[in-house]
Amino acid sequence: MIRRLLLFCLLFACSANALQAQQYDNYRSNLRDKNVRIFSTNLPIVFINVKGQMIQRDSYILARMKIIDNGEGQRNYGDTVAHPTQLADYEGWIALKYRGNTSFSSADKKPYAFRTLASDTLPDDGGAKQKVKLLGMPKDNKWCFIAPWADETMVRDVLAFELERPWMEWVPRTRLCELILDGTYYGVFVLAERVSKGKHRLNLAEPGEVDGDLTGDYHVSVDHGYDAYFTSRYHPWQSLDGSRVANNYYIKYEYEDPSDDEFASLPSMTRATLQRQVNNMEASFMATDWQDPDGGYRKHIDVQSFIDYMLSTEVSMNIDGYRLSTHLYKHSQKRAEQEGLDARWKVTLWDYNLAWGNADYYDGDRTDRWQYELNLNFQGDDCPVPFYWYRMLQDTAYVSALRDRWQQYRQSNHQTERLMATVDSLAALLKQGGAAQRNEQAWGIYGRSYIWPVPYYAEDYDDAVEYMKGWIRQRLLFLDKHLLPPRNIDTEPIAVASGWNADIVAESLPCNSFTSIAVDGSERTFYSAALRSTGGLPLDHLVTSANEGVRYELSPYNANNALSLHNWGDEGTVSFQLPVATSELFVLATSGNGDSRVSVRLNYADGTQTDAGIYTIRDWSVRSYDLQGDEAVTALGNIRRDNNAYSGDNHYCLFDFSIPVDTERQLLSVTFTNVSGAYASIMAFSTVKSENVTDVEDKTAVTFAQRETVRPAIFDLSGMRLKNSRSGLNIVRQADGSVRKVIIRK
């Protein structure tokens with residue numbers, strides 16, 4: 001017994017005499033520092049010892065695992081010899097292998113799958129699997145370690161699961177931990193339940209187990225088809241109405257439970273019946289009575305489950321959503337009747353590492369696109385979105401339920417500040433005990449020139465988290481705009497003091513004498529209604545967006561009236577006449593020579609700055625059949641600067657977007673940087689009227705031409721000048737010498 005104890009301590013001791021780590025040609029780790037040590041951490045520590053064996057991808061090897069977890073609020077120590085009384089959450093044998101597709105092939109830090117065992121004998125050699133609890137998660141024997149690599153925050157998967165847990169029947173439980181393999185530190189991993197049939201997971205029985213009923217229990221995944229699969233009878237759609245079908249592509253369903261190698265031991269018709277259950281589900285969407293609440297598609301799917309999956313996929317812009325790692329499962333009819341279950345197909349979550357703005361392809365970093373439209377926007381991928389996600393959006397009842405559910409989300413754990421707090425709490429777990437720092441020391445993530453498919457290269461961990469939070473704020477605004485009832489917001493234009501560098505509106509002829517630059521590469525620009533009423537910009541300069549009725553005031557047409565950024569890297573700052581206190585800044589803009597992408601920085605009165613993210617401005621040429629319903633102003637014309645020729649028809653547009661602003665600070669200016677090859681034109685700003693600011697004295701409305709550019713001075717009642725307004729009564733002296741009283745209610 002003493003000898004075995006000493007041997008175990010030697011296996012798991014994290015000391016200078018660490019055992020040899022995996023070889024480069026097997027693990028391809030590219031660890032920047034192989035000598036990182038954990039002295040203490042707030043996260044559980046996982047020790048895995050394979051005694052130098054090569055870990056395989058297709059077959060399990062025998063390994064020993066020990067998890068140190070001294071409990072919530074307690075420190076865990078990497079030196080198990082110096083701290084021999086630590087609590088072992090698990091200590092025993094496991095079957096270990098690599099897992100994942102792109103998460104394996106494109107990452108240096110590899111993910112693992114493992115089975116907990118009853119002895120030191122692999123199941124293939126006659127050994128037994130053993131169900132155990134791990135770190136508070138219910139008993140099972142199928143587990144995995146997710147390896148955050150391209151995810152610089154290391155919490156994207158965990159975030160998606162945590163947010164959706166209150167809404168769906170089951171989503172995987174996880175625990176962040178640090179992993180030491182053969183004595184070498186490999187960084188932060190996510191110990192996770194696998195999407196599998198266990199009692200505490202999908203709760204699936206063996207097919208035919210209940211009175212021989214083969215109508216379930218089944219679990220399949222829409223995926224690449226790398227493992228055994230069958231194909232859908234229906235090709236993917238490349239239009240929302242199904243008028244265009246991609247006959248050269250197929251939807252592939254991989255066998256999960258039962259897996260392909262289990263069918264031989266099951267009733268002979270199990271495989272065929274499983275396929276028939278999927279076929280029946282798909283066929284219900286194409287039936288003439290497909291919307292019938294009793295006999296249509298609702299008979300075959302749990303609509304609420306599909307809605308929750310769709311919202312989770314869309315709020316995170318999961319680039320793999322719908323088409324990869326999409327797990328569908330169902331119970332048998334007989335079991336459902338006996339146990340009060342639902343026999344319809346449901347969906348659960350998996351694989352969100354390339355979500356939350358974390359992919360540089362297929363618009364994965366954009367906040368203003370729908371992931372379900374991938375087939376329409378990118379028609380060359382052989383793993384397309386199944387047709388039924390489009391079909392459901394043709395059902396007004398489904399869309400109405402989707403909108404209602406999003407409203408419930410936004411009133412619960414998807415409230416902006418609650419969601420931000422969830423991100424902060426996950427990030428704090430990785431920071432407070434030094435795990436994020438150790439992971440960076442081992443891998444050198446932030447110093448690398450390229451990691452596929454990261455779109456934003458953070459300077460450090462805090463920067464990575466702030467990028468994700470900024471992206472989420474933008475995404476929430478997009479979904480709110482399209483899924484919530486129209487907001488009853490009162491907006492007011494913002495006066496610009498400086499920053500316009502171009503005149504892009506012709507108020508007289510010849511055009512090149514009354515403008516300074518074109519909107520696109522064909523020498524075309526806008527014109528005033530003074531030249532031609534049809535397609536011209538209004539004489540009073542006032543514009544109301546068709547989106548939410550946001551009011552803008554364009555600058556005078558006889559002077560610079562836009563910030564034009566024509567080249568990649570062009571930058572300009574627009575300063576406001578008065579500091580702006582708001583939660584949301586609206587921007588009116590357009591683009592020529594294709595869609596523009598602009599990076600936005602908010603500059604506050606206290607001297608601080610915030611990177612607000614990257615925004616896309618659509619190309620101004622939009623034919624009627626290309627209208628998306630979110631254009632701010634349509635049916636505008638243009639005029640050529642070189643020959644005064646008007647456009648043949650008026651199909652040009654302005655667009656607007658909104659930027660979240662810190663309500664605790666006053667905004668002085670906004671800096672835009674062109675990060676595309678198109679021509680960006682910023683033309684006006686607006687803001688939500690502050691609900692906590694009341695003018696005691698009436699003010700006379702003035703136009704841009706009448707406003708002064710000097711900032712006001714703010715004083716308290718004693719006459720002391722203030723840097724910013726504060727709660728209570730403020731005395732504001734305007735640039736023209738007039739004084740008004742402003743009450744700030746907090």
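Trainee: In strand 12, which residue is the bridge partner of Y229?

Mentor: Good place to start, and keep in mind that this is a predicted model. Strand 11 (residues 229-231) runs antiparallel to strand 12, and 3 bridges pair them. Within that pairing, the residue in strand 12 that partners Y229 is E254.

Trainee: And which residue in strand 12 stands opposite V222?

Mentor: Here we turn to strand 10 (residues 218-222), which is joined to strand 12 by 4 bridges in the antiparallel sense. At V222, the residue across in strand 12 is Y253.

Trainee: Is strand 12 largely enclosed or largely open?

Mentor: Let's look at burial along residues 252-257, which make up strand 12. Buried means under 20% relative accessible area. Of the 6 residues in strand 12, 5 are buried, so the rest of the structure leaves this strand largely enclosed.

Trainee: How many residues apart in sequence are the parts that D217 and R335 tie together?

Mentor: D217 and R335 form a salt bridge, with their closest N and O atoms 2.5 Å apart. D217 sits in the loop between strand 9 (184-193) and strand 10, while R335 belongs to helix 7 (residues 333-339), so their pairing ties together parts whose separation in sequence is 118 residues.

Trainee: Is R366, the salt-bridge partner of D368, buried or exposed?

Mentor: The closest N and O atoms of D368 and R366 are 2.9 Å apart. D368 has 25% relative accessibility, so D368 counts as partly exposed. For R366 the relative accessible area is 9%, which means R366 is buried.

Terms used:
Residues are numbered from 1 along each chain as its sequence is written. This is a predicted model: local features need pLDDT of at least 70, side-chain atom pairs count only at pLDDT 80 or more; totals for chains, interfaces and linings use all residues. Side-chain values use heavy atoms; hydrogens and water are left out. Buried means under 20% relative accessible area, exposed over 50%, partly exposed in between (1.4 Å probe, protein chains only). Helices (H or I, at least four residues) and strands (E, at least two) are DSSP runs, numbered from the N terminus. Two strands pair if DSSP finds at least two bridges between them. A salt bridge is a side-chain nitrogen of Lys or Arg within 4 Å of a carboxyl oxygen of Asp or Glu.
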